[in-house]
Amino acid sequence: MMQLARIHHVAIICADYARSKRFYTEVLGLRVVAENYRAARASYKLDLALPDGTQIELFSFPEAPARPTRPEAQGLRHLSFEVHDVQAAADELAAQGIAVEPLRIDEYTGRRFTFFADPDGLPLELYEAEPAEDLDALLLKLEGALHLREVRSSAAQLEELLDDDFRELGVSGVEWTRPAIIEALRDEAFSERTISDFRVQRMAPDIALVTYRAHRAAIPQRPSADSLRSSLWRLRRGRWRMAFHQGTPLPTQT
């Protein structure tokens, strides 16, 4: 079965290119990726990007027919943008003379949303983001997941948690790559693990250093062990993934 990753871009055809370019770049603050004028078609193509990498292609075509908006026509209904504070975003639009509908509550999610329109009447939505989880709690949950039997034995779950260029310096001194650690954990003799003294240090908006003490329970194949652990977590496209991990063995208690 085909595996779709995400929406790459949405294409919009405008009536007045300069007006729409100003709206999407200055009012909505989208970043210009590329701008091209195609003389053979008398058409502009402006590539715009959101922070998560999703793009909007803004086209101008001579004498393009108007899009039916009301009554609503079949096909693509509207374009929705996620924001952390719907009211603040709506107030900012209103201050720039953009008509914004009264805020409503999604009956299924409980989150707020509202609608406004671009210069050609295309319905646009502001939708409230899910409340951000406390970073310490989130990284403790993610780090802890990597200690669970069902996660360690699942290549798919490990690929979700480990960054593409992940590296680990293990307690044995062996350096592991992402493919190698996924393969090694597939047939691991599993031991229960516990975490203590967990600390998170934000190194940058998209980088966090995690340190803690780990205890590995004894099993017939090996004795119990304690170690100091450190991990670098990196935020990319809205997801925290582990980029580096190191284990330092602690002396055995006697």
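These are my notebook entries on a predicted model, taken residue by residue and helix by helix.

**Entry 1: Ser43**

I began with Ser43, which I found in strand S3, a run that covers residues 43-49. I then looked up how far solvent reaches this residue, and at 0% relative accessibility I entered Ser43 as buried. Setting aside the neighbours within four places in sequence, I listed the contacts of Ser43 as Asn36, Tyr37, Arg38, Phe59, Ser60 and Phe61. One of these partners, Ser60, also turned up when I checked polar atoms, since I noted that the side chain of Ser43 reaches the backbone oxygen of Ser60 at 2.7 Å. I also looked up the separation from Ala117, which stands 74 residues away from Ser43 along the chain, and I read 23 Å between the two C-alpha atoms.

**Entry 2: helix H3**

I turned next to helix H3, residues 135-145, and wrote down its buried residues as Leu135, Leu138, Leu139, Leu142, Glu143, Gly144 and Ala145. What do the buried residues of H3 pack against? I found helix H4 (149-152) and helix H5 (155-161), together with strands S11 (193-204), S12 (207-216), S13 (225-236) and S14 (239-249). At the start of H3 I noted that a side-chain oxygen of Asp134 comes to within 3.3 Å of the backbone nitrogen of Asp136.

**Entry 3: salt bridges**

I counted 18 salt bridges in the model, and I looked at several of them one at a time. For the pair Glu72 and Arg77, I recorded a salt bridge between the side chains, with 2.9 Å from N to O. Are these two partners buried or exposed? I found Glu72 exposed, with a relative accessible area of 55%, and Arg77 exposed as well, with 52%.

I then looked up Asp163 and Arg241, whose side chains meet in a salt bridge at 3.5 Å, N to O. Asp163 belongs to strand S9 (residues 162-169) and Arg241 to strand S14, so I noted that this pair ties together parts of the chain that are 78 residues apart in sequence. Against the cut-off of under 20% for a buried residue, I entered Asp163 as buried at 1% relative accessibility and Arg241 as buried at 10%.

My next pair was Arg186 and Glu183, which form a salt bridge with their closest N and O atoms 3.3 Å apart. Both residues lie in helix H6 (residues 178-186), and I noted that they stand three residues apart, about one turn of the helix. I recorded Arg186 as partly exposed with a relative accessible area of 42%, and Glu183 as partly exposed at 45%. Following salt bridges that share partners, I also traced one network that joins Asp163, Asp164, Asp165, Arg178, Arg234 and Arg241.

**Entry 4: helix H6**

I stayed with H6 and asked which of its residues are buried. I found Arg178, Ile181, Ile182 and Leu185. These residues cover an arc of only 100° around the axis, so I placed them on the same side of H6. I kept beside this the general point that an α-helix has 3.6 residues a turn, so residues three or four places apart point the same way. Last, I looked up what covers the buried residues of H6, and my list includes H4, H5, S9, strand S10 (175-177) and S14. Arg178 thus appears twice in these notes, as a buried residue of H6 and as a member of the salt-bridge network.

Note on methods. Residues are numbered from 1 along each chain as its sequence is written. This is a predicted model: local features need pLDDT of at least 70, side-chain atom pairs count only at pLDDT 80 or more; totals for chains, interfaces and linings use all residues. Side-chain values use heavy atoms; hydrogens and water are left out. Helices (H or I, at least four residues) and strands (E, at least two) are DSSP runs, numbered from the N terminus. Buried means under 20% relative accessible area, exposed over 50%, partly exposed in between (1.4 Å probe, protein chains only). Contact means heavy atoms within 4.5 Å. A polar contact is a pair of N or O atoms within 3.5 Å; within protein, one must be able to donate a hydrogen and the other to accept it, and residues adjacent in sequence count only if both atoms are side-chain atoms. A salt bridge is a side-chain nitrogen of Lys or Arg within 4 Å of a carboxyl oxygen of Asp or Glu. The arc is that of the directions from the helix axis to the C-beta atoms.
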